[in-house]
Amino acid sequence: MADRNLVALPEVVAFTTAAGLGCRFATSFRALAFQARIEPGQWVAVYGCGGVGLSAIMIAEALGANTIAIDIADDKLELARELGAARTINAKFADDVPSAIADLTGGGAHVSIDALGSVVTCRNSIRCLTKRGKHLQIGLMAGDQALPAIPMGRVVLKELELIGSYGLQPHRYGDMLAMIEAGKLKPEKLIGRTITLEEATIVLPKMDSFQERGVAIIDRF
């Protein structure tokens, strides 16, 4: 099992950086590189600028795409711009996010990602796509958000693809680590702060309130 599941960590990758690779960064990498197969020049909309969304922005930009970050917090949108987002939209002040994306892109995104996992972000992600676009569901949907009403008529008429993605297989970590070694990906920029194991008992219960700017890493025990 170890031969298949252990992945060697390059010397250039610090332990704190490596701690943030799974599952947010690795999940986003597989979703964009292998599931959606992002191509240079494409417009990619990312709903939610938490750990998964910010990772997706960095990875999409590294793959040559133009990203639009959507969130309701200005500090997270600011970080998204620092990580390479070409455009940002504060959904709290936008009357119609999909229409705003259509205007920015001249017709709609080629790929749109729900990195949050809510009824609103899922529907908006599908609605903002151009013809033959791809909706990528990374954010897990649970509780009262588990059964969104999908605009299936739009999916049919625009010939859209709906793609789910979960995790990254160990044998594909090499592709991601190679881009980190080459300096094309810099996941250390996603680290918002480092905390102690004791502090984690306070931070973890608050994760669903999305207060963190970037990723919190436990590095002291």
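A cavity is taken here as a set of grid points where a 1.4 Å probe fits but cannot get out, and a residue lines it if one of its atoms lies within 4 Å of such a point. In the predicted model analysed here, one cavity of 30 Å³ or more is present. The volume of the largest cavity is about 70 Å³. Its lining consists of Thr-16, Thr-17, Gly-20, Leu-21, Arg-24, Phe-25, Ser-55, Pro-187, Leu-190, Ile-191, Val-215 and Ile-217. Two or more of these residues are supplied by each of α2, α3 and β8, and α3 has the largest share, with three residues. Classified by residue type, the lining of the largest cavity comprises seven nonpolar, four polar and one charged residues.

The second largest pocket encloses about 180 Å³ of space. It is lined by 13 residues, of which Val-7, Leu-9, Ala-18, Leu-21 and Tyr-173 are the closest to its centre. At least two lining residues come from each of α2 (15-19), α3 (21-35) and α9 (173-181). The contribution of α2, three residues, is the most that an element gives to this pocket. The lining of the second largest pocket is made up of eleven nonpolar and two polar residues, with no charged residue. Leu-21 belongs to the lining of this pocket and also to that of the largest cavity. Helices α2 and α3 likewise contribute to the pocket and to the cavity.

The largest nonpolar core contains 42 residues, and the members that touch the most others are Leu-32, Ile-113 and Met-176. Elements that each provide at least two residues of this core are α3, β1 (43-47), α4 (51-62), α5 (74-82), β4 (109-114), α9 and β8 (215-220). With seven residues, α4 gives the most to the core. A separate core of 15 residues lies apart from the largest one, and its members include Trp-43, Ala-45, Ala-109 and Cys-128.

The surroundings of Met-176 were examined further. When neighbours within four places in sequence are set aside, Met-176 is in contact with Leu-21, Phe-25, Ala-26, Phe-29, Leu-168 and Leu-185. Among these partners of Met-176 are Leu-21 and Phe-25, both of which line the largest cavity. Helix α3 thus recurs across the regions described: it supplies residues to the largest nonpolar core, to the lining of the second largest pocket and to the lining of the largest cavity. Helix α9 contributes to the core and to the pocket lining, while β8 contributes to the core and to the cavity lining.

Note on methods:
Residues numbered from 1 in each chain as written. Predicted model: local features only at pLDDT ≥ 70, side-chain atom pairs only at ≥ 80, totals over all residues. Heavy atoms only, no water. 1 Å grid on protein atoms, 1.4 Å probe; cavity = no way out; pocket = protein on both sides within 12 Å on 5 of 7 lines; lining within 4 Å. Points joined across faces, edges and corners; volume = space filled by probe spheres on them. Helix = DSSP H or I, 4+ residues; strand = E, 2+ residues; numbered from the N terminus. Nonpolar A, V, L, I, M, F, W, Y, C, P; charged D, E, K, R; others polar. Core = buried A, V, L, I, M, F, W, Y, C linked by side-chain atoms within 4.5 Å. Buried < 20%, exposed > 50% of the residue type's maximum accessible area, 1.4 Å probe, protein only. Contact = heavy atoms within 4.5 Å.
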